[in-house]
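Subject: Structure handover and notes

Dear colleague,

I am passing on the structure we spoke about, together with some notes on what turned up when I went through it. Please open it alongside this message, as the notes refer to individual residues.

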Amino acid sequence: MVWGTFTITHILSLLLGAAIIIGLYFVLKNRTVKTQTIVLGILSFAGIAAIIYNLVAWGSPIEYLPLHLCSLNAMLLPIVVFTRNKYLGNLLLLWSIGALAALVLNNSVAEAKITSWVFVFYYFPHVLEFGIPLILFKLKLIKLDKKCIWSTLGITLGAYIIIHFINVLINQYCIVNNILDWKGEVVQVNYMFSIFHEGNPLLKFFYDLIPYQFWYMLLCLPIALVYLFAIYGSYEIYKKVRYGKNGEKEKNKV
């Protein structure tokens with residue numbers, strides 16, 4: 001059975017992903033911090049397993065370097081789980097949206113069969129890359145902190161700039177040296193979509209507004225800012241409603 005995009009199979013897989021995340025939260029909810037950390041820590045390596053699989057499975061490792069946002073998320077996730085670093089944890093609040101987008105807009109693997117390793121190493125790591133950061137916050141292993149908004153945006157922008165230059169250098173190198181992929185075509189990478197939108201509807205809209213590589217993706221920054229303000233603003237309202245103006249001690253425990 002082919003996964004498809006917005007087919008019954010695809011929609012059911014999204015519902016299953018939500019069920020996995022919710023179920024994992026309730027399984028861990030009343031466990032010790034040690035148990036929570038061990039379980040989430042083990043599961044957090046799923047993304048790294050997927051990176052290794054893609055590097056060796058296609059005979060074209062340059063195209064599968066861990067430089068997309070989901071791959072950066074995957075490499076950072078175990079560190080966040082075991083260190084519970086506040087800044088990195090809050091960073092993943094934004095980066096995990098990339099994993100959700102990869103599940104919903106699954107163009108690159110829509111033709112994969114759900115019984116294939118391609119599906120397994122794509123679907124489950126992305127579900128966990130999206131879900132584990134949410135679970136960390138829900139279990140209060142990491143605290144939401146609105147002061148992290150600017151570090152989150154700064155790190156994200158810095159990573160994007162560096163990766164764009166990596167894209168340019170790799171593409172020039174592959175053209176000059178005639179480096180071919182598994183299909184026999186010259187390798188041209190597009191990590192973090194800094195070169196082209198690749199048919200992603202939202203990114204295509206951005207590219208129509210600013211038809212220049214690198215620059216068009218900067219339109220994601222104001223959207224990210226609005227998203228983060230909405231998340232942290234909602235959290236601040238929740239604390240005030242639940243604990244009131246004089247509930248500072250209890251509020252700080254959340």
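I begin with T37, which is buried, since its relative accessible area of 11% falls under the 20% cut-off. Please keep in mind throughout that this is a predicted model. T37 sits in helix α2, which covers residues 33-43, and its side chain makes a polar contact of 3.5 Å with the side chain of R84. Once the neighbours within four places in sequence are set aside, T37 is in contact with V81, F82 and R84.

R84 deserves a look of its own, because it has a positive phi of about 55 degrees although it is not a glycine, and it is partly exposed at a relative accessible area of 34%. This residue belongs to the loop between α4 (69-83) and α5 (86-104). A positive phi of about 55 degrees is also found at M192, again not a glycine, in the loop between α7 (149-177) and α8 (201-209). M192, however, is buried, with a relative accessible area of 8%.

Turning to the interior, the largest nonpolar core has 59 residues, and those with the most contacts inside it are L40 and L136. The elements that give two or more residues to this core are α1 (8-28), α4, α5, α6 (117-138), α7, α8 and α9 (220-243), and α6 gives the most, with 10 residues. Leaving aside neighbours within four places in sequence, L40 is in contact with L24, L28, V81, I132, I135, L136, L139 and L141; V81 is thus listed here as well as among the contacts of T37.

On the outside, I8, I11, L12 and L15 make a nonpolar surface patch of about 410 Å², and L12 of this group is found in helix α1. In helix α2, I38 is partly exposed, with a relative accessible area of 41%. I38 and I22 are 16 residues apart in sequence, while their C-alpha atoms are 18 Å apart in space.

The remaining notes concern charged pairs. How many salt bridges does the structure hold? There are three, and I take them in turn.

The side chains of D145 and K86 meet in a salt bridge with an N to O distance of 2.8 Å. This pair links distant parts of the chain, as D145 is in the loop between α6 and α7 and K86 is in helix α5, 59 residues apart. D145 counts as buried at 13% relative accessibility, whereas K86 counts as partly exposed at 30%.

D208 and K204 also meet through their side chains in a salt bridge, with an N to O distance of 3.3 Å; because they are four residues apart in helix α8, they are separated by about one helical turn. D208 counts as exposed at 52% relative accessibility, and K204 is partly exposed with a relative accessible area of 38%.

Finally, E236 forms a salt bridge with K239, their closest N and O atoms being 3.3 Å apart. Both residues lie in helix α9, three residues apart, which is about one turn of the helix, and K239 counts as buried at 8% relative accessibility.

With best regards

Notes: Residues are numbered from 1 along each chain as its sequence is written. This is a predicted model: local features need pLDDT of at least 70, side-chain atom pairs count only at pLDDT 80 or more; totals for chains, interfaces and linings use all residues. Side-chain values use heavy atoms; hydrogens and water are left out. Buried means under 20% relative accessible area, exposed over 50%, partly exposed in between (1.4 Å probe, protein chains only). A polar contact is a pair of N or O atoms within 3.5 Å; within protein, one must be able to donate a hydrogen and the other to accept it, and residues adjacent in sequence count only if both atoms are side-chain atoms. Contact means heavy atoms within 4.5 Å. A nonpolar core is a set of buried Ala, Val, Leu, Ile, Met, Phe, Trp, Tyr and Cys residues joined through side-chain atoms within 4.5 Å. Patches are made of residues with over 30% relative accessible area and no salt bridge: like charges are joined within 9 Å, nonpolar side chains (Val, Leu, Ile, Met, Phe, Trp, Tyr) within 5 Å. Accessible areas come from the Shrake-Rupley method with a 1.4 Å probe; for residues, only the protein chains shown count as cover. A salt bridge is a side-chain nitrogen of Lys or Arg within 4 Å of a carboxyl oxygen of Asp or Glu.
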